[in-house]
2 protein chains.
Amino acid sequence: MTRVLLLHPGAMGSSLGHNLVENGHEVFWISEGRSETTEARATQASLTRTGCLADAITQVEVVLSVCPPENAIQVGCTIAETDFSGTYCDANAIAPATSQRILDVFGDRYVDGGIVGPPAHVHGHTRLYLSGSNAQQISDLFRSTRVQTEVLVNGPLTASAMKMCYAAYTKGTAALILGIRALAEHYGVSSALQAEWSQSQNTLWDRSERMGPGTSRKAWRFAPEMREIAKTFNGADLPSGFHEAAAEIYSRMASLKYKEDVDTTLVLHYLLARNDTDS
Amino acid sequence: MTRVLLLHPGAMGSSLGHNLVENGHEVFWISEGRSETTEARATQASLTRTGCLADAITQVEVVLSVCPPENAIQVGCTIAETDFSGTYCDANAIAPATSQRILDVFGDRYVDGGIVGPPAHVHGHTRLYLSGSNAQQISDLFRSTRVQTEVLVNGPLTASAMKMCYAAYTKGTAALILGIRALAEHYGVSSALQAEWSQSQNTLWDRSERMGPGTSRKAWRFAPEMREIAKTFNGADLPSGFHEAAAEIYSRMASLKYKEDVDTTLVLHYLLARNDTDS
């Protein structure tokens with residue numbers, strides 16, 4: 001049995017935590033400063049509540065960071081400033097260059113992670129890529145759970161690279177397609193594009209109809225993830241513009257986080273920046 | 001019967017010309033300065049050879065421009081400087097703002113066009129979008145041919161907008177996917193990405209394997225087309241980065257035009273700019 005501190009129990013984090021609990025581990029979370037929604041999720045996932053970091057950190061052998069990409073370095077530094085001497089695993093959607101900065105803090109105690117797929121409620125859909133010298137330790141925690149782990153051995157930051165490559169396609173194409181829908185709307189060719197896509201591009205129009213509503217609640221956190229991907233392309237001397245543009249698309253959708261009943265028309269309205277009069 | 005001057009009989013242009021000839025029209029091409037390959041294509045398509053522009057222009061009622069996007073304005077201006085008084089149709093992959101510049105020259109005699117699909121050798125796969133006050137005249141020329149025409153009525157430049165939207169997806173995603181393959185190669189996660197894509201993204205890996213070889217001969221002309229699409233996004237105050245990046249991807253592949261037996265490995269080599277030592 002390993003004691004793990006989970007930072008923090010969002011939808012993804014709490015599902016990972018729940019799988020660990022089911023595997024016999026104890027998973028702590030810090031309630032200080034977290035919302036009632038987070039508390040409800042943590043309780044549902046059978047996580048152990050602690051009041052503050054100072055309480056928690058002395059009790060755990062592993063810290064698992066699952067947070068928005070723009071917070072990953074700060075979360076790592078906060079832990080590094082404590083007496084924690086165990087394994088620190090960052091499972092966030094960050095560029096290898098960002099991950100390097102956390103590795104620099106923890107050294108060999110750092111495990112780089114990257115999650116592909118939805119929260120791990122069913123078998124076979126969620127993979128946790130891991131790299132670094134302690135990667136197997138983290139992998140072992142999830143053995144026989146609904147979280148499939150893959151230890152990558154080509155370098156200490158390959159798990160982050162893998163996550164970046166994966167999201168570069170899924171979230172990159174979604175942003176591109178939403179951008180094209182907005183483009184067609186601007187130029188008055190939406191109907192023509194619908195007819196053409198329906199004829200020669202299979203299910204693309206229908207897919208595009210689902211993309212706006214499907215991403216509107218998550219776009220706020222996709223934007224910084226796209227910037228991490230752009231940074232990853234830059235690091236390989238490849239063009240970063242795809243994901244800089246994707247970040248801009250998702251940024252324009254960020255305030256849709258709290259809107260109910262979002263449809264494609266509303267998303268295009270936001271993308272075309274016509275929302276200054278009604279929001 | 002209408003006499004048409006075709007500028008110029010590339011693979012696409014000659015297929016359009018051949019459809020017009022089969023429909024009873026006479027289609028001229030100008031041999032001056034064109035290659036033997038072009039001559040062979042024009043002969044095969046039963047086009048009528050003329051020596052130079054001055055010869056041809058007095059005999060035709062319609063000029064049809066099918067050329068690389070970066071030449072579209074120059075081709076238009078060359079015709080505008082003659083005594084030609086008929087209808088000028090630009091069927092090129094250009095931004096509405098680029099098309100506007102040719103419209104400014106020809107006024108009401110200008111028809112904006114955009115071609116979607118492959119050269120028109122079979123029924124049902126090639127569509128010629130047309131807009132502008134004389135659009136129906138051009139559409140009528142192709143009646144009952146293998147070129148399906150669609151007249152768009154939302155504005156004089158909507159055919160170009162339509163083409164930009166269509167190619168934004170097809171050639172934009174191809175460039176994105178090639179970029180991601182290069183990214184994975186750079187970071188040493190190609191095998192992991194192959195396994196993941198094969199598991200959760202259907203046929204994406206296999207598609208990606210065909211993309212490099214499939215585009216390597218055409219990348220040189222895709223690059224300027226991507227810049228036209230970027231300009232189209234800019235014109236709608238939408239992010240242009242997707243297609244600026246796509247232009248960069250295709251630019252790096254431009255010199256593959258003349259290479260035989262191109263495979264994915266070679267394409268990634270060029271994308272990662274490792275080709276400076278062996279080319």
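**Helix packing and chain association**

In the predicted model examined here, helices α7(B) and α10(B) pass one another in a left-handed crossing. The second of these helices, α10, spans residues 219-235 of chain B, and its axis comes within 10 Å of that of α7(B), the two crossing at roughly 125°. At this angle, α7(B) is therefore oblique to α10(B). On the side of α7(B), the contact involves B:Lys163, B:Met164, B:Ala167, B:Ala168, B:Lys171 and B:Gly172. These residues meet B:Phe222, B:Glu225, B:Met226, B:Glu228, B:Ile229, B:Thr232 and B:Phe233 of α10(B). By character, the residues of this contact comprise seven nonpolar, two polar and four charged.

Helix α7 of chain B, which covers residues 158-187, also packs on helix α11 of chain B, residues 241-253. Here the axes lie 9 Å apart and the packing angle is about 65°, so that α7(B) is roughly perpendicular to α11(B). The crossing of α7(B) with α11(B) is left-handed. From α7(B), the residues taking part are B:Ala168, B:Lys171, B:Gly172, B:Ala174, B:Ala175, B:Leu178 and B:Gly179. Their partners in α11(B) are B:His243, B:Ala246, B:Ile249, B:Tyr250 and B:Met253. This contact of α7(B) with α11(B) contains eight nonpolar residues, three polar residues and one charged residue. B:Ala168, B:Lys171 and B:Gly172 of α7(B) meet residues of α11(B) and also meet residues of α10(B).

In chain A, helix α7 (residues 158-187) packs on helix α12 (residues 264-271) at an angle of about 80°, with 9 Å between the axes. Helix α7(A) is therefore roughly perpendicular to α12(A). Helix α7(A) contributes A:Leu178, A:Arg181, A:Ala182 and A:Glu185 to the contact, while α12(A) supplies A:Thr264, A:Val267, A:Leu268 and A:Leu271. Of the residues joining α7(A) to α12(A), five are nonpolar, one is polar and two are charged.

The relation between the two chains was examined next. A turn of 180°, with a shift of 0.0 Å along the axis, lays chain B on chain A with an RMSD of 0.0 Å. The copies are thus related as by a two-fold rotation axis. Both copies use the same surface, since 98% of the contact residues of chain B recur in chain A.

The interface brings 56 residues of chain B into contact with 55 residues of chain A. Between them, the chains bury about 4600 Å², of which 71% lies on carbon and sulfur atoms. Within chain B, the greatest losses of area to chain A fall on B:Tyr169, B:Tyr187 and B:Phe242, which together account for 16% of what that side buries.

Several features of the backbone also deserve note. Most residues other than glycine have a negative phi, and most peptide bonds are trans. In chain A, the peptide bond from A:Leu7 to A:His8 is cis, with omega near 5°. A:His8 is located in the loop that links β1 (3-7) to α1 (11-22) of chain A. In chain B, the bond from B:Leu7 to B:His8 is likewise cis, and its omega is near 10°. B:His8 occupies the loop between β1 (3-7) and α1 (11-22) of chain B. A further feature concerns B:Ser144, a residue other than glycine with a positive phi, near 70°. B:Ser144 lies in the loop between α6 (135-141) and β8 (147-151) of chain B.

Notes. Residues are numbered from 1 along each chain as its sequence is written. Chains are lettered from A and ligands numbered from 1 in the order in which they are written. This is a predicted model: local features need pLDDT of at least 70, side-chain atom pairs count only at pLDDT 80 or more; totals for chains, interfaces and linings use all residues. Side-chain values use heavy atoms; hydrogens and water are left out. Copies are superposed by least squares on the C-alpha atoms of residues with pLDDT of at least 70 in both. Contact means heavy atoms within 4.5 Å. Axes are lines fitted to C-alpha atoms, for helices over the stretch in contact, and angles run from 0 to 180 degrees between N-to-C directions. Helices (H or I, at least four residues) and strands (E, at least two) are DSSP runs, numbered from the N terminus. Angles under 35 degrees count as roughly parallel, over 145 as roughly antiparallel, 65 to 115 as roughly perpendicular and the rest as oblique. A crossing is left-handed if the near helix is turned anticlockwise from the far one by less than a right angle, and right-handed if clockwise. Ala, Val, Leu, Ile, Met, Phe, Trp, Tyr, Cys and Pro count as nonpolar, Asp, Glu, Lys and Arg as charged, and the others, Gly among them, as polar. Buried area is the accessible area (1.4 Å probe) that two parts lose on being put together, summed over both.
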